[in-house]
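The following exchange between a visitor and a guide concerns one molecular model. The sequence and coordinates are displayed first.

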Amino acid sequence: MSAEEEAPQVPAPSEPERRELRFAYVAGVTPGKWIRRWEERMPGVPLHSFMSDDGAQLTVLSDGSADLSFVRLPVEREGLNVIPLYEEQPVVVAPKGHEISVFEEVALADLAAETFLDVAELGGPETALQVVASGAGLAVLPMSVARHFNVKDTVARKLTGAPTTQIALAWPSEATRDAADPAMDEVIEEFIGIVRGRTAQSSRQPSAKVEAPKKEPKPDRRGTGVKKPKVAQRYAPNPDKGRGKGSRKKGKR
């Protein structure tokens with residue numbers, strides 16, 4: 001056996017695990033602005049996002065598919081941290097040619113004689129809108145959801161007098177996580193701050209807590225020469241200086 005064969009094999013050093021952040025969002029949420037801000041502030045931490053169905057908006061947290069989830073309230077809050085963000089404008093969606101198309105907005109009380117479809121029972125907004133297009137009834141949805149699916153042969157109008165929906169950001173509380181990772185906690189806190197509109201210089205942002213190296217003071221370039229003495233004013237100040245024409249009456253002297 002050669003000396004090379006007898007030498008023990010030394011395993012190659014493993015690369016450190018790279019941190020990343022994953023979040024899910026329901027239809028109607030547009031996370032583009034938050035993603036852009038994240039890439040500007042945290043270029044070293046990859047950010048992955050995907051859309052989830054309303055029925056799975058919490059499942060993605062419990063099964064570990066996402067670290068955070070943009071959800072549509074109400075949700076079961078046990079074991080979760082939930083921050084409400086904004087309310088959504090409701091709309092009524094009808095088949096193309098329906099009489100609501102001549103109005104800019106419609107009151108819910110004026111639609112008492114109409115048939116409304118149960119969006120959840122139909123399997124979600126996309127299927128419900130297909131049923132609306134067939135003329136089987138009307139549906140009430142958040143405006144952002146109706147615009148997202150944009151089913152042909154339907155018309156949507158703002159609806160007044162109807163309950164609003166609300167978008168919130170949810171993530172597991174420390175008590176429900178298997179092991180708290182301080183580094184990951186800071187990554188999550190950074191994302192929460194971006195969503196809530198904190199600036200990069202905010203004291204509540206973990207990335208802003210890193211102290212920048214102090215700069216050395218600039219050398220004094222004024223020199224050590226003796227300052228020139230001030231020259232005494234030779235003439236009395238002109239009392240008319242700075243005044244407009246005609247500000248002093250002319251007269252005999």
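The dialogue below treats the sheet, the cores, one helix, the salt bridges and one loop residue in turn.

Visitor: What kind of model is this, and what pLDDT do local features need?
Guide: Residues are numbered from 1 along each chain as its sequence is written, and side-chain values use heavy atoms, with hydrogens and water left out. This is a predicted model in which totals for chains, interfaces and linings use all residues, side-chain atom pairs count only at pLDDT 80 or more, and local features need pLDDT of at least 70.

Visitor: In what order do the 5 strands of the open sheet stand?
Guide: Helices (H or I, at least four residues) and strands (E, at least two) are DSSP runs, numbered from the N terminus, and two strands pair if DSSP finds at least two bridges between them. The pairing in this open sheet is mixed. The order of its 5 strands is β2-β1-β3-β9-β4.

Visitor: Which strands stand at the edges of the sheet, and why is one side of each left without a neighbour?
Guide: An edge strand here has a single partner strand, so one side of it has no neighbour in the sheet. The twist from one strand to the next averages 25°, with axes fitted as lines to C-alpha atoms and angles running from 0 to 180 degrees between N-to-C directions (for helices, over the stretch in contact). The strands at the edges are β2 (47-52) and β4 (80-88).

Visitor: How many bridges join β1 to β2?
Guide: Strand β1 covers residues 21-26 and runs parallel to β2. Y25 has M51 as its bridge partner in β2, and V26 stands opposite S52. The number of bridges joining the two strands is 6.

Visitor: At what angle does helix α2 run to β2?
Guide: Helix α2 (residues 32-41) lies across β1, β2 and β3 (68-73). As for β1 itself, 5 of its 6 residues are buried (under 20% relative accessible area; exposed is over 50%, partly exposed in between, with a 1.4 Å probe and protein chains only), so this strand is largely enclosed by the rest of the structure. The angle of α2 to β2 is about 165°.

Visitor: Which element gives the most residues to the largest nonpolar core?
Guide: A nonpolar core is a set of buried Ala, Val, Leu, Ile, Met, Phe, Trp, Tyr and Cys residues joined through side-chain atoms within 4.5 Å. The largest has 23 residues, of which L21, W38, L68, F70 and F191 touch the most other members. Two or more residues come from each of β1, α2, β3, β9 (165-172) and α6 (182-195). The element that gives the most, with 7 residues, is α6.

Visitor: How many residues does the second, separate core have?
Guide: Its members include V93, L129, V132 and A146. The size of this second core is 12 residues.

Visitor: Against which elements do the buried residues of α6 pack?
Guide: Helix α6 has 14 residues and reaches 20 Å from its first C-alpha to its last, close to the expected 20 Å, which is 1.5 Å times one less than its number of residues. Its buried residues include M184, V187, I188, F191 and V195. They pack against β1, α2, β2, β3, β4 and β9.

Visitor: Which residue does D67 meet in a salt bridge?
Guide: The structure holds 4 salt bridges, each a side-chain nitrogen of Lys or Arg within 4 Å of a carboxyl oxygen of Asp or Glu. D67 lies in the loop between α3 (59-62) and β3 and its partner in strand β1, so the pair ties together parts 45 residues apart in sequence. D67 is buried at 15% relative accessible area, whereas the partner is partly exposed at 26%. With N to O at 3.2 Å, that partner is R22.

Visitor: Which residues are linked with D54 in a network of salt bridges?
Guide: R72 forms a salt bridge with E88, their closest N and O atoms being 2.8 Å apart. R72 lies in strand β3 and E88 in strand β4, so the pair ties together parts 16 residues apart in sequence. Both are buried. The residues linked with D54 are R72 and E88.

Visitor: What is the distance in space between L108 and V92, C-alpha to C-alpha?
Guide: L108 is found in the loop between β6 (105-107) and α4 (125-133), and is partly exposed at 29% relative accessibility. Beyond its neighbours within four places in sequence, L108 is in contact (heavy atoms within 4.5 Å) with F116, L159, T160, G161 and A162. L108 and V92 are 16 residues apart in sequence, and their C-alpha distance is 8.6 Å.
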